[in-house]
Amino acid sequence: MVSADQDSEAAIVLGRAFVNDSLLKLILPHVTDPVERARILSVVFALALTRQRLSGQPVFGIIREGRVAAVA
């Protein structure tokens, strides 16, 4: 499980994972640079993770060598 203090790292992992997602490209059509899109998406996912935690839901993921490797 991902701890709350790892949420920012988890958001970055999610932003990178969804950088080429078709639906998210439609939502952010003006952002063509993948690095910038990943950065913006990490902010969106950080907000989503915060909301999830506030509702009492856990954040699942894989921690490898102390770092967030995957998030669900």
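A salt bridge is a side-chain nitrogen of Lys or Arg within 4 Å of a carboxyl oxygen of Asp or Glu. The whole structure contains three salt bridges. The model is predicted, so local features need pLDDT of at least 70 and side-chain atom pairs count only at pLDDT 80 or more, while totals for chains, interfaces and linings use all residues. Residues are numbered from 1 along each chain as its sequence is written, and side-chain values use heavy atoms, with hydrogens and water left out.

Helix 1 (residues 7-17) packs with helix 3 (residues 34-54) at an angle of about 130°, their axes being 7 Å apart. That angle makes helix 1 oblique to helix 3; oblique covers angles that are not under 35 degrees (roughly parallel), over 145 (roughly antiparallel) or 65 to 115 (roughly perpendicular). Among the residues making the contact (heavy atoms within 4.5 Å) are Asp-7 of helix 1 and Arg-53 of helix 3.

These two residues also form a salt bridge, at 2.8 Å from N to O. The pair links distant parts of the chain, 46 residues apart. Asp-7 is buried at 13% relative accessibility, whereas Arg-53 is partly exposed at 25%; buried means under 20% relative accessible area, exposed over 50%, and partly exposed in between, with a 1.4 Å probe and protein chains only.

A second salt bridge joins Arg-67 and Glu-9 at 3.2 Å. Arg-67 lies in strand 2 (residues 67-71) and Glu-9 in helix 1, 58 residues apart. Arg-67 is exposed, with a relative accessible area of 54%.

Within helix 3, Arg-39 and Glu-36 are three residues apart, and therefore separated by about one helical turn. Their closest N and O atoms are 2.7 Å apart in a salt bridge.

Technical notes. Axes fitted to C-alpha atoms, helices over the stretch in contact; angles between N-to-C directions. Helix = DSSP H or I, 4+ residues; strand = E, 2+ residues; numbered from the N terminus.
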